[in-house]
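Reader: I would like to learn how to read a helix, beginning with its inner and outer faces. Could you take me through an example?

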Amino acid sequence: MSEPPPTAPAPVAWRLVARRLVAPFGVLAGVLVAFGYVGAVDPGEPGHYPVCPLLRLTGLYCPGCGGLRGAHALAHGDLAAALRDNALAVGCYALFAVCWVVWCVRGRFPAARLWHAGALGAVALVFTIVRNFPFGGLLAP
């Protein structure tokens, strides 16, 4: 009785996992470079970053005002200062971190739904309105 011909070896599981994680870790590298730059170059010092056009023209804070200072504080481990600078941005950073973990585990980034964009837009609008009123002083950068 003859032996069956040898079959090709099964793909190594770690290679499949590594291939699946290339994109998430590429994005993570980009995020770390961006946070590293903002952590190294203080946005609180004038001349390093452009001024918000809405703030310059109207004196009103946009939803992103204070986001770079918040990222700088977060890069230095100061969560309280980051939340004071822009709580919405810190929440978005946390949401992105959760989505990134889901991407690594499931192998695909969570699908965005239309209502997600609407909800985020509504939260940003309310955040913007509240931070520009006197009673919203805690949300102003």
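Author: Let us start with burial, where buried means under 20% relative accessible area, exposed over 50%, and partly exposed in between, with a 1.4 Å probe and protein chains only. In helix α5, helices being DSSP runs of H or I with at least four residues, numbered from the N terminus, the buried residues are Ala124, Phe127, Thr128 and Arg131. They lie on the same side of α5 because they cover an arc of only 100° around the axis, the arc being that of the directions from the helix axis to the C-beta atoms. This is a predicted model, in which local features need pLDDT of at least 70, side-chain atom pairs count only at pLDDT 80 or more, and totals for chains, interfaces and linings use all residues. Residues are numbered from 1 along each chain as its sequence is written, and side-chain values use heavy atoms, with hydrogens and water left out.

Reader: What do the buried residues of α5 pack against, and which residues are exposed on the other side?

Author: Contact means heavy atoms within 4.5 Å, and the buried residues of α5 pack against α4 (79–106). On the other side of α5, the exposed residues are Leu114, Trp115, Leu125 and Val126; Leu125 counts as exposed because its relative accessibility is 51%.

Reader: Which residues of helix α3 are buried, and what do they pack against?

Author: In helix α3 (residues 67–75), Gly67, Gly70, Ala71, His72 and Ala73 are buried, and these buried residues pack against both α1 (13–40) and α4. After α3 comes Gly77, which has a positive phi, near 80°.

Terms used. Helices (H or I, at least four residues) and strands (E, at least two) are DSSP runs, numbered from the N terminus.
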